Amino acid sequence: MAGKEKRVEAITAMDQDFTQWYTDVVLKSELIDYSSVKGCMILRPYGFAIWENIQKNLDQMFKDTGHENVAMPMFIPESLLQKEKDHVEGFAPEVAWVTHGGSEKLAERLCIRPTSETLFCDHYSQIIQSWRDLPKLYNQWVSVVRWEKTTRPFLRSTEFYWQEGHTAHATAQEAVEETIRMLNVYADFYRDYLAIPVVKGQKTEKEKFAGAVDTYTVEAMMHDGKALQSATSHYFGDGFAKAFEIQYSDKNNQLQYVHQTSWGLSTRSIGAIIMVHGDDSGLVLPPRIAPIQTVIVPIAAHKAGVLEKAKEMKAELAKQFRVKLDDSDKMPGWKFSEYEMKGVPLRIELGPRDLEQNQCVAVRRDNGEKIVLSLDGLTESVQTLLDEIHEGLYQRALESLNSRIYDASDWQTMSELIAEKPGFVRAMWCGDLACELMIKEELGATSRCLPFDQVKVADTCVCCGKPAVKEVIWGKAY
RNA sequence: CGAGGUGUAGCGCAGUUGGCUAGCGCGCCUGCUUUGGGAGCAGGAUGUCGGGGGUUCGAGUCCCUUCACCUCGACCA
């Protein structure tokens with residue numbers, strides 16, 4: 001069967017209406033449901049299981065780089081939030097406030113954290129005294145609240161889950177290294193677990209995080225050519241340290257300010273998985289974070305030996321994989337469609353004909369290929385297939401990304417590309433905010449990043465024609 | 001926050017110029033038969049017509065108001 005054939009009538013075709021396709025997929029595949037609170041989504045078991053797998057693997061990468069997990073309160077006193085000027089200005093429009101405890105009005109209202117820089121800073125100012133206390137490499141897995149005007153499941157919800165790392169270092173250099181290290185952790189994670197290639201780079205002044213000196217980003221390209229800022233890492237310098245008086249005595253007994261970073265990856269990454277790998281039949285999940293890596297569908301389960309063998313197979317595979325045996329009385333065809341919609345990477349069919357020949361039929365979700373596997377050495381065969389699926393997904397996504405990055409050296413080309421070709425545009429920039437604003441205003445594209453791998457497309461700014469200083473990747477973004 | 005759209009059973013929808021007991025498909029429950037791409041038959045359950053107010057002898061239908069969700073823009077992980 002061809003993998004591209006549309007088999008699930010309930011899902012809108014991607015090329016017909018991509019946003020509707022997305023909505024159909026998140027609901028029909030039971031990742032989320034809408035809740036009774038505007039803009040807030042319920043992460044259903046299947047959706048949360050993906051997040052758990054993301055957490056498990058990314059958390060290990062944090063541990064491997066020396067980080068410790070903590071949990072900060074979800075409330076921030078207004079006075080604390082206001083200590084760093086740029087930071088509060090950036091977040092003020094979208095914070096939710098607690099004004100009452102029971103029926104008592106609070107003396108000072110409490111903000112529900114939109115991010116926790118101020119909490120970490122306040123804490124760091126208490127616990128850091130000596131150079132021996134540094135570095136502090138903290139992370140937390142929590143939800144945050146931002147009062148968004150337009151919300152979409154995973155991509156922008158009022159409350160969302162994420163991790164936020166917050167570190168304090170003795171020197172600026174150490175903090176810069178940490179910022180880049182964690183950006184690379186994100187890029188590696190996207191490649192090795194989500195099978196998504198990203199473009200690494202730096203945000204412009206306009207796009208950087210409120211209160212940061214520098215913001216770095218990994219940008220992924222969705223199926224429709226739009227960009228998704230997929231994780232960010234910030235270098236703060238000593239700006240927060242000065243605002244919060246986070247000082248330590250160095251080896252010469254001199255008081256010094258710490259240098260800080262923060263970095264985050266959210267449930268938005270699940271949106272990236274959906275929009276990078278999904279197809280007209282629904283989700284396509286990368287094997288390493290798929291809640292169900294392999295589903296076993298017995299055929300004619302009432303016939304002698306079929307169900308017994310299927311159970312035996314499940315027990316064996318479960319030692320190494322997340323495996324499900326669907327022995328419900330639904331029709332096999334129904335099950336095929338159901339698990340395709342839910343993006344299960346590999347399906348194994350086992351029927352009477354297979355039993356006779358000591359084999360089963362495996363079907364890949366990524367390309368629809370059917371493969372006859374011997375029941376001997378099945379664990380190894382499945383492992384190989386899952387790895388191939390991961391690699392196949394990554395290569396397909398990489399090809400999709402690379403084939404849709406265009407160069408523009410003049411305004412005319414740039415405007416045509418942005419208007420007509422979904423994807424990213426590489427173009428030179430003089431560094432002026434005015435040009436960045438003009439491009440957004442006139443063309444609807446924003447600067448995604450100043451990529452680390454700079455390509456000199458031209459000598460002059462694509463907008464104003466003055467000498468260019470940097471190559472920028474432009475695109476329409478979620 | 002601006003423009004547009006939609007709210008009727010779990011889901012998708014129909015419901016005429018206001019008129020009788022609010023329907024249909026799917027799903028769900030029970031039983032039997034089926035099983036290699038969304039099975040068949042028989043029986044069964046399910047409604048605050050988004051909420052509130054009004055007009056009327058009578059409102060799912062008309063009016064006012066409010067809430068939610070979706071799409072597109074302006075602002076943001």
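1. In this predicted model, 41 residues surround RNA strand B, and those that come nearest are K38, R156, S157, Q229 and W334. By class, this surface comprises 17 charged, 13 nonpolar and 11 polar residues.

2. Several secondary-structure elements contribute to the RNA-facing surface. At least two residues near RNA strand B are supplied by each of α1 (18-28), α10 (332-341), β17 (346-350) and α11 (352-357). The largest share comes from α10, with seven residues.

3. Sugar or phosphate accounts for 36% of the atoms of RNA strand B that lie within 4 Å of the protein, and bases account for the rest. Three side chains may be inspected for their polar approach to bases. In W334, a side-chain N or O atom is 2.3 Å from a base nitrogen of RNA strand B. For R347, a side-chain N or O atom is 2.8 Å from a base oxygen of the strand. S266 places a polar side-chain atom 3.2 Å from a base nitrogen.

4. Turning to the protein interior, the largest nonpolar core has 58 residues, of which I54, F154 and I274 touch the most other members. Because domain 1 (18-277) and domain 2 (294-388) both give residues to this core, it lies between them. Another core, of 27 residues, lies apart from it and includes M72, C111, F240 and F244.

5. The surroundings of I54 merit separate mention. Beyond its neighbours within four places in sequence, I54 is in contact with D59, F189, L194, L265, S269, I270, I273 and I289.

Conventions: Residues are numbered from 1 along each chain as its sequence is written. Chains are lettered from A and ligands numbered from 1 in the order in which they are written. This is a predicted model: local features need pLDDT of at least 70, side-chain atom pairs count only at pLDDT 80 or more; totals for chains, interfaces and linings use all residues. Side-chain values use heavy atoms; hydrogens and water are left out. A nonpolar core is a set of buried Ala, Val, Leu, Ile, Met, Phe, Trp, Tyr and Cys residues joined through side-chain atoms within 4.5 Å. Buried means under 20% relative accessible area, exposed over 50%, partly exposed in between (1.4 Å probe, protein chains only). Domain bounds come from an automatic or database domain assignment. Contact means heavy atoms within 4.5 Å. A residue is near a molecule or strand if one of its heavy atoms lies within 4 Å of it. A polar contact is a pair of N or O atoms within 3.5 Å; within protein, one must be able to donate a hydrogen and the other to accept it, and residues adjacent in sequence count only if both atoms are side-chain atoms. Helices (H or I, at least four residues) and strands (E, at least two) are DSSP runs, numbered from the N terminus. Ala, Val, Leu, Ile, Met, Phe, Trp, Tyr, Cys and Pro count as nonpolar, Asp, Glu, Lys and Arg as charged, and the others, Gly among them, as polar.
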